[in-house]
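The following exercises concern pairs of charged side chains and their exposure. Each task is followed by a solution in steps.

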Amino acid sequence: MSQTDQDQFSSRWGIVLASLGMAIGAGNLWRFPRLAGQYGGTFILLWILFLFIWSIPLLLAEFSIGKKFKKGVIGSYAQLAGEKYTWMGFFVTICTLGIAFYYSIVTAWALRYLGFSLGNLFDTQPLSEKLVENPEYLNQFWNSISNGNWVTIGLYIFNVLLGVFVLSKGIQKGLEKANKILIPSLFFLLLIIAAIALNMDNGVLGLEYMFSINWDDFGNSRIWIEALTQSAWSTGAGWGLMMTLSSYSRKNEEVTLNTFISAFGNNTASLVAGIAILPAVFALAPSYEGAVSYLQSGNQALTFTIIPKLFSTFPGGGLLAIVFFSALFLAAFSSLLPMIELFTRNLNDLGFTRKSAMTRVVIFFILFGFPSAYSLDFFSNQDWVWGVGLIVTGLFILFAVVKSGAKKFKEELVDEDSDFKVSTNYFVICMSGNILLALFLIYWWLSQGYSDYPWFDANGHWNLFDVYSNASIITQWGAVIVIGFLMNKFLYNKFAAKK
């Protein structure tokens, strides 16, 4: 299928904004503050480290692969790695879709809280008074919308349909045009919120906590895993999303500079979000110890329960709550678009027209996203399984690059058309070294176990249904790998073989 001018980005800033839209999402406003609050400066230091040694090299590789082969993830991966490794590209695709299916629920949560904030604005009883009468009011609202709530379910379906509608307009008129509005608006809103939080009493304590380092924490494997997976989760490294976006790039598109802009823009947005939310926790908590205890609980609802409470404490806060949850929705929706496009692009490679592919996308998102919309435990399980799965997808992409020759890959694919170049030794060392790092982290993580019964339950049965069990993760990964391996020849012929 030949690519027309309308099927590619019109300029460098078109693909840069799309890359920022892919990277800057709910992971910055919802996931990063939760982890930074849980682990403090130790996590942030490791997260920055992994940006340079894991995420940027992977993003450079993905951008180059998509630009070179102009196919979806399965097809592009197979053409680089070879026919018998097509199943690895299949795993990358399924892992990303596993994230996409539950990620669409976060967009619904953002809309629920946007509606909640609008309702409070016109309510005769201020939110601050409701919280005096019932301190658990916000927690109760969160529990009501995150489990078995049909309004939430309806909104996530609406967001999927909205995403499909935008992308049905094509790359230039759909994805590129949307990101020109979404990304600048998001950065502007984040800066406003951060400025407000830092000017609150005790807000600076949150900043100090956020960047304080506990050296004993470096011996905790979970923090290393969380730092790497958050870097990958947020930047999009190992997802195949950059591979998908770059398949629509112009022939002579700059690889290295575009990748660095996307990576640094993403980390900047995460830090601004952390600076907005963690100081707010310390400003609102009854004591320093209470703030630390709340943050270290790792509450999924951190962003959703703290921000409304923060804005209820001063005049005009109701309007700013609307601003924040609008920003959260923009962030989540801008990242959902490339996830939908990844699925669509692979279906295009199967021969489906864009219209028929979009119809199938809607059906799959509704079918496989529903369990996460209905159950917060299922959502948390999928976040854990496929979030950690990004180490495996990254490992597979690293393998493909090293197999093809990392030095040759860098010189012929990464450096081609790039005015700004990184050291070849840096790239080659990261490609090879990260394979060992990934294998070590997976082993370290499996040996620790983050459930009371990581493999077998108290009755000796395989602990498949525990939210955080090793058994649940290995079973789901294993099922995808086995299916991909058994279908390997079929997948290659359908996605990668020249028609």
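A residue counts as exposed when its relative accessible area is over 50%, as buried when the value is under 20%, and as partly exposed in between. The model under study is predicted.

**Exercise 1.** Classify K489 by its relative accessibility, then characterise its salt bridge with E83.

*Solution.* Step 1: K489 has a relative accessibility of 54%, and because the cut-off for exposed is over 50%, K489 counts as exposed. Step 2: in the salt bridge between K489 and E83, the closest N and O atoms are 3.7 Å apart. Step 3: K489 belongs to helix 21 (residues 488-495), whereas E83 sits in the loop between helix 3 (73-81) and helix 4 (86-122); the pair links distant parts of the chain, 406 residues apart. Step 4: E83 has a relative accessible area of 34% and is therefore partly exposed.

**Exercise 2.** Determine which elements the salt bridge between R354 and E341 ties together, and assign each residue its exposure class.

*Solution.* Step 1: the N to O distance in this salt bridge is 2.5 Å. Step 2: R354 is in helix 16 (residues 354-374) and E341 in helix 15 (residues 317-349), so the bridge joins parts 13 residues apart in sequence. Step 3: R354, at 23% relative accessibility, is partly exposed, while E341, at 0%, is buried.

**Exercise 3.** Are R34 and D383 buried or exposed, and which helices contain them?

*Solution.* Step 1: R34 and D383 form a salt bridge, with 3.7 Å between the closest N and O atoms. Step 2: R34 lies in helix 2 (residues 26-69) and D383 in helix 17 (residues 376-404), so the pair ties together parts 349 residues apart in sequence. Step 3: both residues are buried.

Technical notes:
Residues are numbered from 1 along each chain as its sequence is written. This is a predicted model: local features need pLDDT of at least 70, side-chain atom pairs count only at pLDDT 80 or more; totals for chains, interfaces and linings use all residues. Side-chain values use heavy atoms; hydrogens and water are left out. A salt bridge is a side-chain nitrogen of Lys or Arg within 4 Å of a carboxyl oxygen of Asp or Glu. Helices (H or I, at least four residues) and strands (E, at least two) are DSSP runs, numbered from the N terminus. Buried means under 20% relative accessible area, exposed over 50%, partly exposed in between (1.4 Å probe, protein chains only).
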